Structure formats: structure tokens, C-alpha cells
Amino acid sequence: MKSKILQDLLTARDAKAETVLITNVDTGAQSLVVDGTASGDIEITEDVSAAMDIVIADDKGKTVDIDGNRLFLRAFNPPKRLIIVGAVHIAQPLVPMARLAGFDTIVVDPRSAWATPERFPDVTLDARWPDEALRALDPDAGTAIVALTHDPKLDDPALTVALRSKAFYIGALGGQKSAGKRRERLSDEGFTDADFARIHGPVGLDIGAVSPAEIALSIMGEITQILHRYKLKQAA
Amino acid sequence: MTEQTVPQEIPTDHDDILRQAALWKALNHGVALATVVTTWGSSPRPVGSQLAIKDDGAFIGSVSGGCIEGAVVGEGLAAIKDGETRLLNFGVTDEMAWEVGLACGGKVEVFVERVE
């Protein structure tokens with residue numbers, strides 16, 4: 001690997017760009033593709049481009065045979081994100097757990113008494129109202145969103161934006177009763193049953209969690225399960 | 001290989017491994033990168049797992065649960081010397097897997113390259 005490719009790859013990672021490294025495993029030739037712009041010795045043919053789309057979608061590596069060349073393609077996607085709405089007790093253990101699992105984490109809460117650096121050291125705190133914050137954060141298919149305030153004034157605007165995004169996971173505190181009330185409150189927003197079905201609630205896997213840390217663990221478990229559901233389906 | 005040869009704190013994050021490789025290179029060390037490019041069966045580490053090797057034998061990352069790291073580091077040191085890339089094949093035997101406590105009998109292919 002040329003030092004320049006290594007440096008460019010690290011720069012692209014810092015810039016959170018969608019990056020693919022392509023290596024001919026027989027010759028050692030390489031190309032780096034950053035946000036669709038290629039540099040290096042391997043030509044990006046249509047077949048290579050199609051293989052790139054697959055590794056980007058799967059966020060992993062794959063060896064393919066193209067025109068007699070064995071190419072290893074490795075996607076370096078931007079980090080997954082977890083947006084936590086509500087600087088509540090559960091959010092405190094959830095932040096470090098999410099970080100360990102490789103998520104960039106943001107805590108959204110306009111209530112300054114809750115969202116303090118003392119309670120949430122080393123994490124991005126966003127004090128905007130949840131709908132404004134979420135619109136600005138622009139959740140993509142690599143984003144998980146959990147609404148933990150248990151307060152419709154804050155959870156509803158967050159979920160309204162979340163449901164219009166491609167977020168791969170949307171979770172909210174509260175059981176079926178709260179979900180029913182939420183549907184009534186959001187009835188004017190034009191959401192379908194399928195939209196509401198995207199909301200995981202009660203949030204988290206049913207592991208009998210009681211303490212905030214246990215609930216955080218169940219949430220992280222559910223996010224992980226949904227993230228890998230494609231693989232789980234394939235294995236089944 | 002036994003478990004003792006595996007560092008206790010293995011950074012698994014790609015960025016850490018690549019960053020360490022870039023740092024070693026910037027300090028004028030010879031550096032090689034090893035990457036798992038294909039797996040068959042239940043291999044211990046997924047495709048894309050990486051190991052960075054410094055010219056004094058120090059390494060960071062992992063390409064298996066510890067069974068093949070020794071051999072890969074050796075090939076990495078050879079690549080640092082001659083500049084040739086290498087494509088290594090390992091069958092992770094049940095016996096070796098047992099040694100490191102892995103219930104696997106998979107196979108892995110590892111690409112080794114020098115950082116130029």
C-alpha cells in the first residue's frame with residue numbers, strides 16, 4: 001500500500017466520507033474511491049462499480065473475480081450514529097455502551113438542567129428542540145434514534161422527524177398504551193400503520209431489564225439485532 | 001501458538017490499526033499490513049480484519065483469534081524486507097482452534113503488503 005493511499009484513507013475516515021479500498025490481491029495494485037471519486041492503479045469498470053455498491057450496502061469486505069483479476073473491496077462507511085432524545089438516566093449508561101459498539105452518539109435535550117456536561121462528559125449535547133435538532137442532524141440509513149424523555153412534548157416532535165427519515169432503528173419508551181395515545185396525537189401527520197410499526201416500543205429487548213444500565217443494555221441489544229437483521233435472516 | 005502471544009489490549013477498530021501503521025511509517029519504521037480477504041466456514045475474524053506489523057515484530061490488531069498471528073507477523077516482516085505482496089492461506093484446524101478456545105474449523109486467506 002502506498003503511503004499516500006493510507007493517508008488519503010485516514011483523511012477520508014476523518015471526513016466521514018463513504019470510502020472503498022480496492023486491492024488486486026495477486027499484484028498488490030490498489031485504488032481508493034472517496035465519495036465516488038477514484039484514485040489509483042485499478043480502473044473502476046462497471047463491474048467494479050457494481051461490486052462497490054454491494055460492499056457499501058453491507059458495510060464490509062468482499063473478494064470478487066472481475067476480468068480475470070481477484071479484487072478485494074473493503075468499504076469504510078461513515079460511522080453509525082445513535083441519536084438519543086432525552087438526557088435522562090438511561091441515556092447515561094447508553095452513551096458509553098453505544099461508543100463501545102462503534103456509534104457516534106449525540107444526546108438531544110433542550111432542558112438545560114438535564115443535558116449537562118457533568119452528567120454527559122465527552123458526548124455531543126444538542127440543546128435544540130428535538131424536531132429542529134433531528135432535521136439538522138439529517139438521520140440516514142446508518143442512524144439509530146431513541147426517544148427516552150417519556151414526555152410527548154419532546155418525544156413526539158423527535159419521532160415525527162424520525163419517521164420521515166431513513167433511520168434503520170427508531171425506538172421509544174412506553175408500551176402499547178402510550179403508543180396508542182401517540183398515534184392519536186400524531187394522527188394529523190399523515191403517517192401510515194407501516195410508519196408507526198417502525199417504532200420499537202417498549203424500547204429494547206425483553207431481558208427483564210430494571211436498572212438504567214440494564215435498560216440501556218437491552219436498547220443496545222435491540223439496535224444491534226436490527227442492524228444485523230439482514231444477516232440473521234440469511235442465517236435462518 | 002498460545003494465548004500468551006496475543007496482546008491483552010487488542011484495538012479492534014480499523015482506524016486505530018491504520019492510524020498506528022501510518023504513525024510507525026511516519027517514524028521511518030518498515031510497516032506491513034495484513035488483511036483477511038476471504039473466509040470459509042466459521043472463521044474467527046471477519047473479512048476486512050487487519051493487523052499492522054512494525055519492522056521490530058511489534059503488531060496491532062488481529063486476523064484470527066490468535067492461532068495464525070505468529071505466522072502472519074513473520075510474513076509481514078518478510079514483506080517489509082522484500083516489498084513483495086503475499087496471499088496466505090490458512091486452514092484453522094480443529095486442534096489449533098481448541099488451543100485458543102475457538103469452536104471453529106474455518107479457513108482464511110490473508111493479504112500481506114508493505115506500506116511503501
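This briefing walks through the fold of chain A, its contact with chain B, and two residues worth finding on screen. The model is a predicted one. Chain A has 236 residues, and 46% of them are buried. The contact between the two chains draws on 23 residues from chain A and 22 residues from chain B.

**Chain A as a whole**

- Start with the secondary structure: chain A comes to 9 helices and 11 strands.
- If you follow the C-alpha trace of chain A along its principal axes, it spans about 60 × 40 × 35 Å.
- Take the contacts in chain A with a separation of 6 or more: 55% of them join residues that are 24 or more positions apart.

**The nonpolar cores**

- The largest nonpolar core holds 27 residues, and those with the most contacts inside it are A:Leu82, A:Ile84, A:Leu94, A:Val146, A:Leu148, A:Ile219 and A:Ile223.
- Five elements of chain A give two or more residues each to this core: strand S6 (80–85), helix H3 (91–100), strand S7 (103–108), strand S9 (143–147) and helix H8 (212–227).
- Of these, H8(A) provides the largest share of the core, with 6 residues.
- A good residue to click on is A:Ile219: leaving out residues up to four places away in sequence, A:Ile219 touches A:Ile90, A:Leu94, A:Val146, A:Leu148, A:Val203 and A:Gly204.
- There is also a second, separate core of 21 residues, and among its members are A:Ile106, A:Leu163, A:Leu186 and A:Ile199.

**Where chain A meets chain B**

- About 1,700 Å² of area is buried between chain A and chain B, and carbon and sulfur atoms give 56% of this area.
- On the chain A side, A:Met1, A:Leu6 and A:Leu10 lose the most area to chain B; together these residues account for 30% of what that side buries.
- The interface of chain A and chain B has 2 salt bridges.
- One salt bridge pairs B:Arg19 with A:Asp14, and the closest N and O atoms of the two residues are 3.1 Å apart.
- Between the two chains, 9 residue pairs are in polar contact, counting pairs with both residues at pLDDT 80 or more.
- Helix H1 (3–14), strand S1 (19–24), strand S4 (61–66) and strand S5 (69–76) of chain A each bring at least two residues to the side that touches chain B.
- H1(A) makes the largest contribution to that side of chain A, 7 residues.
- Sorted by type, the chain A residues that touch chain B are 7 nonpolar, 9 polar and 7 charged.

**A closer look at A:Ser165**

- You will find A:Ser165 in the loop between helix H5 (152–163) and strand S10 (169–172) of chain A.
- A:Ser165 counts as buried because its relative accessibility is 13%, and the cut-off for buried is under 20%.
- A polar atom of the side chain of A:Ser165 lies 3.2 Å from the backbone nitrogen of A:Ala167.
- Setting aside neighbours within four places in sequence, A:Ser165 is in contact with A:Pro139, A:Ile145 and A:Arg198.

**A closer look at B:Lys107**

- Over in chain B, B:Lys107 belongs to strand S5 (residues 107–114).
- B:Lys107 has a relative accessible area of 44%, so this residue is partly exposed.
- In sequence, B:Lys107 and B:Phe90 are 17 residues apart, while in space their C-alpha atoms are 5.6 Å apart.

Key:
Residues numbered from 1 in each chain as written. Chains lettered and ligands numbered in written order. Predicted model: local features only at pLDDT ≥ 70, side-chain atom pairs only at ≥ 80, totals over all residues. Heavy atoms only, no water. Contact = heavy atoms within 4.5 Å. Buried area = accessible area lost by both parts, 1.4 Å probe. Salt bridge = Lys/Arg side-chain N within 4 Å of Asp/Glu carboxyl O. Polar contact = N/O pair within 3.5 Å; in protein donor to acceptor, adjacent residues only side chain to side chain. Helix = DSSP H or I, 4+ residues; strand = E, 2+ residues; numbered from the N terminus. Nonpolar A, V, L, I, M, F, W, Y, C, P; charged D, E, K, R; others polar. Buried < 20%, exposed > 50% of the residue type's maximum accessible area, 1.4 Å probe, protein only. Core = buried A, V, L, I, M, F, W, Y, C linked by side-chain atoms within 4.5 Å.
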